[in-house]
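Good morning, everyone. Please look at the sequence and the structure while I talk. I will take the parts in turn.

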Amino acid sequence: MVPFAGYEMPVQFPAGVLKEHLHTRAAAGLFDVSHMGQIALRPKSGRVEDAALALERLVPQDILGIPKGKQRYAQFTDQNAGILDDLMVANFGDHLFLVVNAACTQHDEAHLRGRLSDACDVVALPDRALLALQGPKAVAVLARHVPEIAAMTFMEAGPRRLMGLDCFVSRSGYTGEDGFEISVPAADAERFAKTLLDDADVLPIGLGARDSLRLEAGLCLYGNDIDTTTTPVEGALEWSLQKSRRTGGARAGGYPGAEIVARQFAEGAPRRRIGLRTEGRAPVRGGAELFASEKSEEPIGTVTSGGFGPSVNAPVAMGYLPTEFAKTGALVFAEVRGQKLPMRVAAMPFTPHSYKR
C-alpha cells in the first residue's frame with residue numbers, strides 16, 4: 001500500500017504486478033478506482049442540452065453531440081490551452097455525469113462551480129465508489145449476474161441495476177481491453193467487489209499493473225503525460241476534438257485557449273507526444289531526458305512514462321519530442337545513469353485495443 005492522490009492505494013496484490021498484468025489481458029482484472037471524482041452536472045433548466053452547452057465553455061469537445069446513454073473523453077483547458085485535467089463525460093438523459101482524476105477533484109469542482117453556476121448545479125458524489133472490471137472475460141463475468149449487460153457497446157454509459165444496487169455503468173477501459181466501469185453506492189462497494197472476486201476469472205489489480213496496462217495501450221496518465229504545460233494537440237489528442245468544435249465547425253472555439261489550439265491544428269504544434277521503444281532490454285523510466293545523438297549535450301525532449309511491457313515482452317515508453325523528431329522510426333537517445341541508450345519513435349498503442357465497437 002502506498003499514498004496516492006490523498007488515498008492509500010495498493011501497488012500490487014499477492015499475485016504480483018506481472019501476473020496481474022497478464023491476467024487482465026487474458027481474463028478479467030478488478031480495479032478499485034474509488035479515488036476518482038464523480039460529479040453530476042444538473043441543468044437548472046431541466047434540459048440536458050443546456051448543461052452540455054455550458055460544459056462546452058470549459059472543454060474543446062462536442063458535448064452537445066453526446067447521445068443519451070453514451071460517454072466521451074474530454075479535457076479541461078486553461079487560457080494557454082494547457083490541460084487542467086482529463087475526464088469522462090456521460091449523457092444520462094436529464095443530466096451529465098463526469099468522472100475526473102482524484103488529485104484534481106476539488107479543483108475541478110471549484111472550476112465547474114465558478115464558471116457554470118449560472119446554468120448548472122454541480123453535485124459532488126462522494127457517497128459513490130468506483131470499480132473497473134477489465135479484460136476479455138469481463139463481459140462474461142458481469143453477464144453471470146446481469147445477462148443484458150452483454151448488449152452494451154464501447155462508450156455506452158448510464159444507470160443500470162446490478163446485484164440489487166442502483167449503479168452507473170460504462171463500457172470502456174483504461175487498459176486497452178474491453179471492460180466496464182461501475183459506480184456503486186460506497187456502503188455496498190466491498191460486498192460488490194467480493195462478489196466479483198469470488199469468480200475464478202477475476203483477480204484484484206493494483207497500481208503497478210494499472211500503469212503498465214495503460215502504458216502498453218498508449219493512454220495518458222494525467223500529471224505524467226499531460227498537464228498544464230501540454231496542449232491537446234501536443235498531447236496527440238486531436239482525435240478527441242470533434243469537427244463541430246474546430247475552425248469552421250458549428251460551435252468552434254469558445255473554450256479557454258481555443259485560439260492556441262486552432263493555431264496548432266492549422267500550423268502544427270512545436271512538440272508531440274510519441275511512443276518509444278528501446279533498442280535493448282533496459283527499461284527507460286519517466287523523467288529521462290532525450291537527446292538527438294549520443295554526442296549531444298542539450299536535451300531535446302523527455303520521457304514521461306516508461307517501463308517494461310509484459311504483453312509485448314519489451315520495454316515501452318512515451319514522451320515528448322520536437323515535431324521534426326517525432327516521426328515513427330526516428331532514432332533518439334535517452335540518458336539513463338550517465339549512459340545514452342538508443343530509442344526509436346514507435347506507433348502507439350504498443351498492444352492492440354480490443355474494445356467492443
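Which element gives the most to the lining of the second largest pocket? Before I answer, a word on the source. This is a predicted model, in which local features need pLDDT of at least 70 and side-chain atom pairs count only at pLDDT 80 or more, while totals for chains, interfaces and linings use all residues. Residues are numbered from 1 along each chain as its sequence is written, and side-chain values use heavy atoms, with hydrogens and water left out.

Now the answer: helix 5 gives the most, with five residues. Helices here are DSSP runs of H or I with at least four residues, strands are runs of E with at least two, and both are numbered from the N terminus. A pocket is found on a 1 Å grid over the protein atoms alone: an open set of points with protein on both sides within 12 Å along at least five of seven lines. A cavity, on that grid, is a set of points where a 1.4 Å probe fits but cannot get out. Lining residues have an atom within 4 Å of a point. Grid points are joined across faces, edges and corners, and a volume is the space filled by probe spheres set on the points.

The second largest pocket has a volume of about 310 Å³. It is lined by 18 residues, and the closest to its centre are Pro10, Phe13, Asp32, Leu131 and Ala193. Strand 2 (7-9), strand 3 and helix 5 (189-197) each give two or more residues to this lining.

Next, the cavities. The structure holds one cavity of 30 Å³ or more, and the largest cavity has about 50 Å³ of space. Its lining includes Phe31, Asp32, Leu207 and Arg210. Strand 3 (28-32) and helix 6 each supply at least two residues of that lining.

Strand 3 has come up twice, so to speak, and deserves a closer look. Is strand 3 mostly covered or mostly open? Mostly covered: four of its five residues are buried. Buried means under 20% relative accessible area, exposed means over 50%, and partly exposed is in between, with a 1.4 Å probe and protein chains only.

Strand 3 belongs to an open sheet of six strands, in the order 10-11-12-9-3-13, with mixed pairing. Strand 10 (157-162) and strand 13 are the edge strands, each pairing on one side only. From one strand to the next, the twist averages 30 degrees. Two strands pair if DSSP finds at least two bridges between them. Strands of a sheet pair through backbone hydrogen bonds, either parallel or antiparallel.

Strand 3 shows both kinds. It runs parallel to strand 13, with three bridges, and antiparallel to strand 9, with four bridges. Take Leu30: its bridge partner in strand 13 is Pro204, and in strand 9 it is Leu133. Elsewhere in the sheet, strand 10 and strand 11 (residues 165-170) run antiparallel and are joined by six bridges. Arg161 stands opposite Asp166 in strand 11.

Helix 1 (residues 17-26) has buried residues too: Glu20, His21, His23, Thr24 and Arg25. What covers them includes strand 3, strand 9 (128-134), strand 13 (202-204) and helix 6.

There is also a closed barrel. Six strands run 14-17-16-15-18-19, with antiparallel pairing. Neighbouring strands of this sheet are turned by 45 degrees against each other on average, direction ignored. Seven bridges join strand 16 (residues 301-309) to strand 17 (residues 314-322), and Gly307 stands opposite Val316 in strand 17. Helix 6 (residues 207-216) lies across these two strands, at about 110 degrees to strand 16. Angles run from 0 to 180 degrees between N-to-C directions, and axes are lines fitted to C-alpha atoms, for helices over the stretch in contact; contact means heavy atoms within 4.5 Å.

Last, the cysteines. How many disulfides does the structure hold? Zero. A disulfide is a pair of cysteine sulfur atoms within 2.5 Å. Cys104 forms no such bond because the closest cysteine sulfur, in Cys220, is 13 Å away, which is too far. Cys104 is buried, at 9% relative accessibility, and Cys220 is buried at 8%.
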